[in-house]
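Here is a short set of exercises to work through with the model open beside you. Try each task first, then compare your steps with the solution.

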Amino acid sequence: MIKPMLDSSTRFVFVDADVRGNIVRLGDSFKQMTASHDYPSEVQELLGEFLAAALLLSDIIKFEGRLTLQANGQGNIRLLMAEATHEGAVRGIAQLEDAAPADAFRDKNLLQLLSGSKPSEGKLVGGTLTVTVEALGRERYQSIVPLLGETLAECLESYFQQSEQLNTFIRLSADSNQASGMLIQQLPVQMEQDLAQRADRWQTIRVLAGTITGAELIAKANSVLLQHLFVEENIQIFDATSVQFQCGCSEQRMAGALVSLGESELASLFEQHQTLALTCEFCGAHYDIDNKKLMRLVTEGVKPH
Ligand SMILES: [Zn+2]
């Protein structure tokens, strides 16, 4: 059996339909970034889905820069964050509720994990899901993804439907070692001029795509997967591009994070410690920054963390 090529992003098109797609796979990149974190398996899998989704989105939105997919919650999960650049560099992190017992994550969907409830109020408090794009030479922009689904894939599908009016299919799947994602999207009318036929065709593709299980997505090589799903379609698969774990943190970015704390907070920190020992949450790198160094970094121009 042909094995899937990991740490890759592969585009494909339906040759005679206005439909395109992409399959992304993370292996070593996923293991490297989660090795130093002891995430519960359910959280590790969700983070894998977020990373696969960030890669898929960064490929769909053509830009040079960084895309961040971020969920903030008030439940067992406080933060899930995945970033992907146009060059295939990825990093991600999860932050959990301090007091959450190990089994708190079992059998819960994304929405349940992000929702907190205060006993006195007895109601669910929702989380937020955002996509932020920082593109070179353009202003940073952020969109809110409505939590209209139980899974990340469902929320993103309805986001494309509502904001871009683009029919989109997304399947995400992860285990403790790897994460995969597939996106198939209908493009604006180009060659499919008969709108009724076009709608039927999409419906068929959508239904066939929906038969793929998460396990199949992880196990099957791209060409085999697409052949099996779409027997009657002519699909062109492009060369894969590579994906790698790369944090991108630096002294400059750490200085940026410090500056964003505000002057009084910063002054009180330096009153307590001559040198601040900082650790990057994404990769574990250590940075020692004293006041003098901070001033130098600020003068050189800080970058957002
Ligand atoms: Zn780092």
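## Exercise 1: A residue after a helix

Gln165 lies in the loop between H4 and S10. Keep in mind that this is a predicted model.

**Task.** Decide whether Gln165 is buried or exposed, and describe its backbone.

**Solution.**
- Start with the neighbours: 9 other C-beta atoms lie within 10 Å of Gln165. The cut-off for an exposed residue is 12 or fewer, so Gln165 is exposed.
- Then turn to the backbone, where Gln165 has a positive phi of about 50° although it is not a glycine. This residue comes just after H4.

For practice, repeat the steps on Asp107, found in the loop between S5 and H3. Asp107 has 7 other C-beta atoms within 10 Å and is therefore exposed. Its phi is positive, about 55°, and Asp107 is not a glycine either.

## Exercise 2: The helix before the loop

**Task.** Check the length of helix H4 against the expected span, and find what covers its buried residues.

**Solution.**
- H4 runs over residues 152–164, which makes 13 residues.
- From the first C-alpha to the last, H4 reaches 17 Å, close to the 18 Å expected at 1.5 Å a residue.
- The buried residues of H4 are Leu152, Ala153, Cys155, Leu156, Glu157, Tyr159 and Phe160.
- Their cover includes helix H2 (41–60), helix H3 (110–114), strand S8 (128–135) and strand S10 (168–174).

## Exercise 3: The strand after the loop

**Task.** Work out how many residues of S10 are buried, and which strand S10 pairs with.

**Solution.**
- Count first: seven of the seven residues of S10 are buried, and the strand is mostly covered.
- Next, sort the side chains by direction. Thr168, Ile170, Leu172 and Ala174 point one way, while Phe169, Arg171 and Ser173 point the other way. In a regular strand, side chains alternate between the two faces of the sheet.
- Then follow the chain into strand S11 (residues 179–186), which pairs with S10 in the antiparallel sense over seven bridges. Ile170 stands opposite Leu183 in S11.
- Four residues lie between S10 and S11 in this hairpin.

## Exercise 4: The open sheet and its helix

**Task.** Give the strand order of the six-stranded open sheet, then find which strands H2 touches.

**Solution.**
- The order is S9-S8-S3-S4-S5-S14, with mixed pairing.
- Strand S9 (141–144) and strand S14 (244–245) are the edge strands, each pairing on one side only.
- H2 packs on this sheet and touches S3, S4, strand S5 (89–96) and S8. The direction of H2 makes about 35° with that of S4.
- Within the sheet, S3 (residues 65–72) and S4 (residues 77–85) run antiparallel and are joined by seven bridges. Leu67 stands opposite Ala84 in S4.

## Exercise 5: The core and the two domains

**Task.** Name the residues with the most contacts inside the largest nonpolar core, and explain why the core lies between two domains.

**Solution.**
- The core has 64 residues, and those with the most contacts inside it are Phe50, Leu51, Ala52, Ala53, Ala54 and Ala82.
- H2 gives the most to this core, with eleven residues.
- Domain 1 (8–245) and domain 2 (251–300) both contribute residues, so the core lies between them.
- The centres of domain 1 and domain 2, taken over C-alpha atoms, are 34 Å apart.
- For a local view, take Ala82: leaving out residues up to four places away in sequence, Ala82 touches Leu47, Phe50, Leu51, Ala53, Ala54, Leu69, Val90 and Gly92.

## Exercise 6: A hairpin in the open

**Task.** Find how many of the five residues of strand S15 are buried, and describe the hairpin with S16.

**Solution.**
- The number buried in S15 (residues 275–279) is zero, so this strand lies largely in the open.
- Five bridges join S15 to strand S16 (residues 286–290), and the two run antiparallel. The bridge partner of Ala277 is Asp288 in S16.
- Between the strands come six residues, and Gly284 in this hairpin takes a positive phi near 85°.

Note on methods:
Residues are numbered from 1 along each chain as its sequence is written. This is a predicted model: local features need pLDDT of at least 70, side-chain atom pairs count only at pLDDT 80 or more; totals for chains, interfaces and linings use all residues. The expected span of a helix is 1.5 Å times one less than its number of residues. A residue is buried if 20 or more other C-beta atoms lie within 10 Å of its own, exposed if 12 or fewer, and partly exposed in between; C-beta atoms are placed from the backbone. Two residues are in contact if their C-beta atoms, placed from the backbone, lie within 7 Å. Two strands pair if DSSP finds at least two bridges between them. Axes are lines fitted to C-alpha atoms, for helices over the stretch in contact, and angles run from 0 to 180 degrees between N-to-C directions. A nonpolar core is a set of buried Ala, Val, Leu, Ile, Met, Phe, Trp, Tyr and Cys residues joined through C-beta atoms within 7 Å. Domain bounds come from an automatic or database domain assignment.
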